[in-house]
Structures are given as C-alpha cells and as structure tokens.
Amino acid sequence: MTAHASTPPTASSIVRVLNEEVRHYYRWCTPSTLVDQERIEDFYASDVSISAGFFGTLVDHTGVFGEAERFAAAAQGADRTMFSVHGSTGSNFVVLRMLALERPDALVLVARNCHHSVVNAIKGYGLDFRFLPTPYDAEFEAVLPPSAAEATAALRRYPEALAVVYTSPTYEGLCADTRAIAACVHEASSHAMVFVDEAWGGHLHFHPALPQSAMDAGADVAVQSTHKLAGGLQQTGLIHWREARVDSELMEEAFREYVTTSPSYHLLASADAAVRALAANGRSALGACIARTDALKQALRTRLPRLGHLDDAPCVAAGDDHVAAVDRVKTTVSLSGYGLSGFTVAAALVEHGIVVEKAGINTLTFITTFQLEAAAVEATVTALETVLAGAELAAGETKRMPANPFRAIDDRPVMHPYHARRYAKAIGQEVPLDAAVGRVAAEEVEVYPPGIPIVLEGFRVSEDAVRYLREARDLGGAIVARDTSLATLRVL
C-alpha cells in the first residue's frame, strides 16, 4: 500500500483571532478574569467527560463538584449554590422552571429591565406574568430597577404571585434597593420569592465599597455570571438560594432537566477557582479595579467635559428610590453634547485598539476588568479625544433622545406571548414597520446589547418603540429580530 502524506488542516479563523488578535486590544468588556486565580496547566490534555466519574459528577453534586458548591455558597452567603456552564441565561431558565414545577399556573411579577432569557423562559414554561412599571432614563438609555413601593403595590394587586423578578445591577451598574424590596415582599406575602438576576453582580460581596449583593440583602434566589465581573471564563455562572422559601428538591430537578450532560469541566474549574480567588484576595483585586475606574472617570471629566456621566444623573444623584447604589467598576457616559452616536464612537475606538462593553444610540459603557492594564486609561481617553474632536454640538445644545421605548408594553399582554407566537402562522401578517404601530406583535425584537425586549409578542407595538428601533438600526446597532433590517414586523 502506498503511503500518503497527511494534508494539513485548514487553519481555524477562530483560533487565529484568539491567538493573534485579541491580545492587541484594551478590552473594557467581559470577561473579567482574575489574573492570580489557579489555572489549568494543559487545557487540551486535561479535558475529561462525565465518564471519569470517580471524582464526582455535577448533576448529583458529589465529589469535587459538591465541595466547590459548598464553598461558593459559604463564600457568597447562600444556603445552596449550583454551578452553571450556561451563563445567567441558562440559570434563569433553571430558576423559572423551578417556579413552574412548584405551580404550573404560577404568576410572576417581572421588571421591564429583565433580560430576554427571563421572558423567553416564561414563554417556554407557560407561566403567567405581569410587568412592573418601567422607569427610564432617556439620556443614558437605562431601564431602572423597580422600587420597593412598586413591588409592594404589585403584590397587593396580585397576591397570588409566586415571585418578584428583576435585574440588579443593570447593564449600566444601577442597583436596586434589594434589602427594602425583600423586606416588603416577605412582609406582604408568606410565599412570594425575590428572584434577582444578578448576572452583573458576582463580585459585589467581596468589597465593602461596592453595593450589597442580592444574597447579603435578603433575596431568596440570585443568579450570577462568573465571567462578567467575578473572574471566570465565558459561560460560567452560579445559582444561589436560601431554603426558607425555595424548594431545593424542585431546584435540583429543574437543574437536572436543563443542564448539559457534557459540561466543560474546564469552565467549572474556572468558576470554582474564581470564587476561591475572590474569597482570598477579592478586596485587593476589586480595590485596584475601583481605583482604575475612578482614574478613568476623572480623566474623562477633565479632558472631555461635554460627556455626561451616569453618576450625575438624577436617578443616581437625587436619591431616586429605584436606585440604591451604583457599581463602582462601571463607567457609563452619554454623548448628548456630541453629534455622534455611541455605535459610531465604539466602532471608531476599535480602530484605536479600544473595545467597550456596550454602545447605544447615545451612550458608551466601560467595565474595568481585573486583567486591564493601567495604560488602558490614558490610551482610552486619548482615543476618545481623537474620535470626538470636532464633533461637539454648539454650546448649550444637546441631542434629542427618543422617548421611553419600553413604556408602551403594559403590565399585562393582550395575548400571552406563547399563544401570540403560536397563532402567528395562522392569523399573522408581515407589515411595514410604521404600519405595525398599535397592532399586537407576533415576534420579539430587541437591540443587543443589552438584550431587553422592546417589542414583545402579545403586546401592542408603540410608536416610541418603532422610533427607537429605527434610530438604533440606522446608527449601527445590532438588531435581534426575524427581519434584522426591520423592513417588516410580524403582527396578529
């Protein structure tokens, strides 16, 4: 038999980008990985599956996995903790499934700042829901967390509600008064749970200058993305809960239903190592991040005074009851004094080697990661000076921002989103975007990030939502929809 020379494989473009390009950017974005956490020595040689069950398995919480969960629960002040390799998106599905297992017809009260994974889990499990009010800061494009008074009023109206669900911190770093919300909910109801999507708050517990974590503030359930600001690799997350109101058996059942049977042990190891590193040295590591964030904000205020700062917004500075505190490792600025959009500025910054976490019509959000170098501050401010040079509006002039695009989604749908989507094929039609105003939507549309639905099945389409979506599309925002061009929208 003639021997044939092996043909070298085609080079992977993904491998090339990760090996050769990513390191050349200052990344004010996730993941925020702890530099001194314990690391796997050989990623490929040590890859292993559930077949090697001699050191335990994830789904039954045995061996090294059970040990890691117990450590994380103790470190974060929870009764129980489970690890996730699906990020907070998957963890939200697990928690909502737990609620559906407890009561298939359960009603949940949901804040409008919730991620689409919460809404999609509600749709998928057939849960009933009502939205809480929608406070909004137009300049910073920020949906605010609910207040304790709003949660209490909703529970009075719907005393059968099984849970109050909201995001805190928000994408911009705004934190709800979870201590007040939990106290009010627990006083008003003997069974209702406070469920916090704390994807952006896995680090809060580990530094006294940061807002209280959900578990510390009395929440019943919290999900965290370890990769966001708590030191782990992408996709890693934690589900924490207190057992007084949460049925651990149902939570475990929901977890078994959802979790992959082939989890990456490398990701699980990263989450475990990150928690242990934060428990040991979190105060020092986060202190450095806070100091670097302060340096960035001070430089921006001094050298680019036309930028607006979320720290100065009325919802923060005036003691609004929706916002108890702000995450001090995040920086959100508005471009109201400039003739450029956040999307345009973010794209231009990439050309200068700078990556921001989130851009909007009028905003930029930076997160100070553990691995970010000190030189990133000067490089970023200098790049912004270059990009914004000559783009200032006339003195006293500011951009006019679209009104609240989330407001028109009322507290309850015309038709449950599940049914709206189901009937879309039979009684739906695709119409031009303007013609959809006032009609009942049969699809979900959002700008990503932040991943909060603006148009939602079963709810009427508002003129403000259409105006915001069109402007975001025209300025370069990423539209998530059936038709990303927004030429048409599917309605009933």
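**Entry 1: F43 and its surroundings**

I looked up F43 and found it partly exposed, because its relative accessibility is 42%. The model is a predicted one. I placed F43 in the loop that lies between β1 (26-28) and α2 (63-76). I then asked which residues form a nonpolar patch on the surface with F43. The patch consists of I40, F43, Y44 and L233, and together these have about 430 Å² of accessible area.

**Entry 2: a charged patch**

I turned to charged residues on the surface. E102, D247, E249 and E253 form a negative patch there. I took E253 as the residue to follow up, and located E253 in helix α8, which covers residues 248-258. With a relative accessible area of 31%, E253 is partly exposed. For membership of a patch the relative accessible area has to be over 30%.

**Entry 3: strand β10**

I checked how β10 is covered. Of the five residues in this strand (residues 221-225), five are buried, and I noted the strand as mostly covered. I sorted the residues by side: V221, V223 and S225 lie on one, A222 and Q224 on the other, and all are buried. Both faces of β10 are therefore covered. In a regular strand, side chains alternate between the two faces of the sheet.

Next I looked up the neighbours of β10. Strand β9 (residues 193-197) runs parallel to β10 and is joined to β10 by three bridges. Within this pairing, F195 has V221 as its bridge partner. Strand β11 (residues 237-241) runs antiparallel to β10, with five bridges between the two. Here I noted Q224, whose bridge partner in β11 is L238.

**Entry 4: a three-stranded sheet**

I looked up the order of strands in an open sheet and wrote down β20-β19-β21, three strands with antiparallel pairing. Which are the edge strands? They are β20 (452-455) and β21 (479-480), each of which pairs on one side only. I followed the contact between β19 (residues 445-447) and β20: three bridges join these antiparallel strands. E446 is the residue that stands opposite P453 in β20.

**Entry 5: salt bridges**

How many salt bridges does the structure hold? I noted 23. I went through several of them one by one.

The pair E172 and K358 came up with its closest N and O atoms 3.4 Å apart. This pair links distant parts of the chain, 186 residues apart: E172 sits in the loop between β7 (163-167) and β8 (174-175), and K358 in strand β16 (residues 358-359). Are these two residues buried or exposed? Both E172 and K358 are buried.

I took E378 and R303 next, whose side chains meet in a salt bridge at 2.9 Å, N to O. E378 belongs to helix α12 (residues 375-388) and R303 to helix α9 (residues 265-303), so this pair ties together parts 75 residues apart in sequence. I checked the accessibility of each partner. E378 counts as partly exposed at 44% relative accessibility, and R303 is partly exposed with a relative accessible area of 31%.

The side chains of R490 and E430 also meet in a salt bridge, and here the N to O distance is 2.8 Å. I found R490 in strand β22 (residues 488-491) and E430 in strand β18 (residues 429-432), so the parts that this pair ties together are 60 residues apart in sequence. R490 has a relative accessible area of 18% and is buried, because buried means under 20%. E430, with a relative accessible area of 44%, is partly exposed. I also recorded a network in which K123, R421, E444 and E457 are joined by salt bridges that share partners.

**Entry 6: A395**

I looked up A395 last. I found A395 in the loop between α12 and α13 (417-427). Is A395 buried or exposed? A395 counts as exposed, because its relative accessibility is 80% and exposed means over 50%. I then took the C-alpha to C-alpha distance from A395 to R407 and noted 31 Å in space, for residues that are 12 apart in sequence.

Conventions. Residues are numbered from 1 along each chain as its sequence is written. This is a predicted model: local features need pLDDT of at least 70, side-chain atom pairs count only at pLDDT 80 or more; totals for chains, interfaces and linings use all residues. Side-chain values use heavy atoms; hydrogens and water are left out. Patches are made of residues with over 30% relative accessible area and no salt bridge: like charges are joined within 9 Å, nonpolar side chains (Val, Leu, Ile, Met, Phe, Trp, Tyr) within 5 Å. Accessible areas come from the Shrake-Rupley method with a 1.4 Å probe; for residues, only the protein chains shown count as cover. A salt bridge is a side-chain nitrogen of Lys or Arg within 4 Å of a carboxyl oxygen of Asp or Glu. Helices (H or I, at least four residues) and strands (E, at least two) are DSSP runs, numbered from the N terminus. Buried means under 20% relative accessible area, exposed over 50%, partly exposed in between (1.4 Å probe, protein chains only). Lys and Arg count as positive and Asp and Glu as negative; His and the chain ends are not counted. The place of a charge is taken as NZ of Lys, CZ of Arg, CG of Asp or CD of Glu. Two strands pair if DSSP finds at least two bridges between them.
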